[in-house]
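Here is a short note for a colleague who is meeting this structure for the first time. Please keep the sequence and the 3D view open while reading.

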Amino acid sequence: MAALRVLVLLALLAWGGPRAAGQKRKEMVLSEKVSQLMEWASKRSVIRMNGDKFRRLVKAPPRNYSVIVMFTALQPHRQCVVCKQADEEYQILANSWRYSSAFTNKIFFAMVDFDEGSDVFQMLNMNSAPTFINFPAKGKPKRGDTYELQVRGFAAEQLARWVADRTDVNIRVIRPPNYAGPLMLGLLLAVIGGLVYLRGSNLDFLYNKTGWAFAALCFVLAMTSGQMWNHIRGPPYAHKNPHTGQVNYIHGSSQAQFVAETHIVLLFNGGVTLGMVLLHEAATSDMDVGKRKIMCIAGIGLVVLFFSWLLSVFRSKYHGYPYRYVSF
């Protein structure tokens, strides 16, 4: 019986020894990975990776940390304007985490540039940039681990909400001081103060209906074109396909838009408004009949042209919309 116990004990030791050794090796490899990432993160908030670093530190197990990776194309010859804009916001987010009191090795921010890691793009079957993907501490990325850039935009605050949703790490975004707003406000107050000082004896310009109407019209056109949506969501100015080089200024979805799209819509709305103003002036002014006819024709032309373009933009975003004014 004693001999049998000894044999069983030796068998258990023989079976458990390699397993314990393998577990120890995994712990050592994990410790080396975390130490390496922490060292790089202490020098740069966003760790730049090539194919080898990505496969070793992000794809290969073991891993007990999440990695947010931005796949981009920042080289000048790629002419990816959106990539540069997204990179600025991504740097703000990563810096906010690096200098946060809650900074830990639970999450790291990294970047793979196409010219430094094209093999990674091929491995992931990725054909667009910029793209943000969360590689979780356990398992493979799921559908929600790919950031919906076209819907949410690339503002650091939006990225932080997505990171919190995927990793349970809450990052308080801290932006560098921006003095443009106070300077513009100060300049506006200085201009108003100067006008009041120079024309202190005659303030009739404050009661100018045309001036106030023009200011109100500009505000309405800016708001109806989607400027507030841009301010909240921070969408890219446009999108350039890195493979074909084609630039899209109109977003193909009704749930999102580009900054350039709002400028286009603003121009079209302004054209329709100008046409309506000309029609009103043609009907109510005291000018001779010939000039009024010219104004009427010009007004009708502007309304028809720009309203047709507006409908074409609407049809491109709401696929299947059957109506149009003039074919384009």
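The numbered points below go through the sheet, the helix contacts, a salt bridge and some backbone details.

1. Status of the model. This is a predicted model. Please read each point below with that in mind.

2. The sheet. Start with the strands. Four of them form an open sheet. Their order is 1-3-2-4, and the pairing is mixed. Strand 1 (46-48) and strand 4 (131-135) are the edge strands. Each of these two pairs on one side only. On average, neighbouring strands in this sheet are turned by 30° against each other, with direction ignored.

3. One strand pair. How do strand 1 and strand 3 pair, and over how many bridges? Strand 1 runs with strand 3 (residues 107-113) in the parallel sense, and three bridges link them. To find the place in the view, look for Arg 48, which stands opposite Met 111 in strand 3.

4. A helix on the sheet. Helix 3 packs on this sheet. It touches strand 1, strand 2 (66-72), strand 3 and strand 4. The direction of helix 3 makes about 160° with that of strand 3.

5. Helix 3 and helix 6. Helix 3 (residues 81-98) also meets helix 6 (residues 156-167). The two axes come within 9 Å and cross at roughly 55°. Helix 3 is therefore oblique to helix 6. The crossing is right-handed. From helix 3, the contact uses Glu 89, Tyr 90, Ile 92 and Leu 93. Helix 6 supplies Ala 156, Leu 159, Ala 160 and Val 163. By class, this contact has seven nonpolar residues, one charged residue and no polar ones.

6. Helix 10 and helix 11. What is the direction of helix 10 relative to helix 11? The axes of helix 10 (residues 259-284) and helix 11 (residues 289-317) come within 7 Å and cross at roughly 155°. Helix 10 is therefore roughly antiparallel to helix 11. Helix 10 passes helix 11 in a left-handed crossing. By class, the contact between them has 21 nonpolar, four polar and four charged residues.

7. Salt bridges. How many salt bridges does the structure hold? The count is ten. One joins the side chains of Glu 39 and Lys 43, at 3.7 Å from N to O. Where do these two residues lie? Both are in helix 1 (residues 2-43). They sit four residues apart, about one turn of the helix. In general, side chains of opposite charge can pair when their charged atoms come close.

8. Cis peptide bonds. Two places deserve a look. The peptide bond from Pro 61 to Pro 62 is cis, with omega near 0°. Pro 62 belongs to the loop between helix 2 (51-59) and strand 2. Ala 129 and Pro 130 are also joined by a cis peptide bond, with omega about 0°. Pro 130 lies in the loop between helix 4 (118-123) and strand 4.

9. A positive phi. Asn 125 is not a glycine, yet its phi is positive, at about 55°. Where is Asn 125 found? Its place is the loop between helix 4 and strand 4. Pro 130 is found in the loop between helix 4 and strand 4 too, so please view these residues together.

Methods. Residues are numbered from 1 along each chain as its sequence is written. This is a predicted model: local features need pLDDT of at least 70, side-chain atom pairs count only at pLDDT 80 or more; totals for chains, interfaces and linings use all residues. Side-chain values use heavy atoms; hydrogens and water are left out. Axes are lines fitted to C-alpha atoms, for helices over the stretch in contact, and angles run from 0 to 180 degrees between N-to-C directions. Angles under 35 degrees count as roughly parallel, over 145 as roughly antiparallel, 65 to 115 as roughly perpendicular and the rest as oblique. A crossing is left-handed if the near helix is turned anticlockwise from the far one by less than a right angle, and right-handed if clockwise. Contact means heavy atoms within 4.5 Å. Ala, Val, Leu, Ile, Met, Phe, Trp, Tyr, Cys and Pro count as nonpolar, Asp, Glu, Lys and Arg as charged, and the others, Gly among them, as polar. Two strands pair if DSSP finds at least two bridges between them. A salt bridge is a side-chain nitrogen of Lys or Arg within 4 Å of a carboxyl oxygen of Asp or Glu.
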